[in-house]
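Please look over the sequence and the structure shown below, and keep both at hand while reading the report that follows.

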Amino acid sequence: MMRSKAATLVAERDRTLVMGVVNVTPDSFSDGGVWFEPEAALAHGRDVLAAGADIIDVGGESTRPGADRPSVEEELRRVLPVVRDLAEQGAIVSIDTMRAAVAAAALDAGASVVNDVSGGLADPDMVPVVVEAGVPYVAMHWRGHSVDMQSLAVYDDVVADVCRELASRRDALLGAGLSENLLVLDPGLGFAKTADHNWSLMAALPALHELGHPILLGASRKAFLGRLGRRAGEAPRPPAARDLETTATSVMAAMAGLWCVRVHDVESTARVLAVVRAALDHHTADEEAW
Ligand code: PMM
């Protein structure tokens, strides 16, 4: 039942959806350690759900540049209780993992979307698991694991190169049996990308539609948003102080007609997206004020 609800969401084109992030990690750049204890992770998951996220993305591996990987057992220990609890609450849960075994266990525990930052490149067993489960799959542009990914941030033309590499992943995934209407693509801001690469991609969001699939954007709290307006010598804004900048990226995504934005602070993005939607629709259902 949740699975078909998730598949229906992939077909949603009237508005840009909000995916709320629940990182159960000691070391994510944006909120590492904050929700790491099991009780805190469960409570945070419920808060993200209450804030109105359309999808909740639960992850147990930090992908910040330079991060080491947890064992499979540790990743499972982190994510499964949170996935199970949110699914029981009726949430559409996506599992943010590069590992087939974690995806399979999370799907068993009630997840109904797989979000794989490696687009199937990190684990050869991932695509068969997703094809067999028949669930929506988010495939992100990826060039290598976090430990050395910034050395891979070399492009002739970042927009053209990312689109070409994503198109080749798309063809491989569809060729491996993934259903066309379950595939979502993501340009992977910050993954083997410098700040300027991210800005070039932000400036070219409408071009991503040429890939022919719904597009998810993950800009929330990333480092390129922390340096704006800071004077030379001033420290960048810390991740949790980047939500205002994040809402600007959410507006750009909605104006470009993207499918979904992945954000840490659901409420601020939901509020700015309501503004964009009212303007694009020329009205709101509940409007009485001028
Ligand atoms: N970014 C992060 C983690 N998962 N998934 C997708 N699809 N796209 C992203 O851009 C993305 C992701 C890293 O951010 P976090 O540490 O705040 O979760």
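## Helices α8 and α9

In this predicted model, helix α8 passes helix α9 in a right-handed crossing. Helix α8 is made up of residues 243-255 and helix α9 of residues 266-281, and the two pack with their axes 9 Å apart, at an angle of about 30 degrees. Because angles under 35 degrees count as roughly parallel, that angle makes α8 roughly parallel to α9.

## Helices α3, α4 and α5

Helix α4 takes part in two of the packings described here, one with helix α3 and one with helix α5. The axes of helix α3, which spans residues 72-88, and of α4 come within 10 Å and cross at roughly 25 degrees. That angle makes α3 roughly parallel to α4, and α3 passes α4 in a right-handed crossing.

On the other pairing, helix α4 (residues 100-108) and helix α5 (residues 126-133) pack with their axes 8 Å apart, and the angle between them is about 20 degrees. These two helices are therefore roughly parallel to each other. The crossing of α4 and α5 is left-handed, whereas that of α3 and α4 is right-handed, and a student who follows α4 in the structure can look for both arrangements in turn.

## The residues around the ligand

Which residues come nearest to the ligand? Of the 17 residues around the ligand, those that come nearest are N115, D186, K222, R262 and H264. Sorted by class, the shell around the ligand holds 6 nonpolar residues, 7 polar residues and 4 charged residues.

## Polar contacts and cover

Several polar contacts can be described atom by atom, and one of them involves N115, a residue already named among those that come nearest to the ligand. A polar side-chain atom of N115 lies 2.8 Å from a nitrogen atom of the ligand. In the side chain of N23, an N or O atom is 3.1 Å from an oxygen atom of the ligand. With G218 the backbone is involved, for a polar backbone atom of this residue is 3.3 Å from an oxygen atom of the ligand.

How much of the accessible area of the ligand does the protein cover? On its own the ligand has 410 Å² of accessible area, and the protein covers 98% of that area.

Technical notes: Residues are numbered from 1 along each chain as its sequence is written. This is a predicted model: local features need pLDDT of at least 70, side-chain atom pairs count only at pLDDT 80 or more; totals for chains, interfaces and linings use all residues. Side-chain values use heavy atoms; hydrogens and water are left out. A residue is near a molecule or strand if one of its heavy atoms lies within 4 Å of it. A polar contact is a pair of N or O atoms within 3.5 Å; within protein, one must be able to donate a hydrogen and the other to accept it, and residues adjacent in sequence count only if both atoms are side-chain atoms. Accessible areas come from the Shrake-Rupley method with a 1.4 Å probe; for residues, only the protein chains shown count as cover. Ala, Val, Leu, Ile, Met, Phe, Trp, Tyr, Cys and Pro count as nonpolar, Asp, Glu, Lys and Arg as charged, and the others, Gly among them, as polar. Axes are lines fitted to C-alpha atoms, for helices over the stretch in contact, and angles run from 0 to 180 degrees between N-to-C directions. Helices (H or I, at least four residues) and strands (E, at least two) are DSSP runs, numbered from the N terminus. Angles under 35 degrees count as roughly parallel, over 145 as roughly antiparallel, 65 to 115 as roughly perpendicular and the rest as oblique. A crossing is left-handed if the near helix is turned anticlockwise from the far one by less than a right angle, and right-handed if clockwise.
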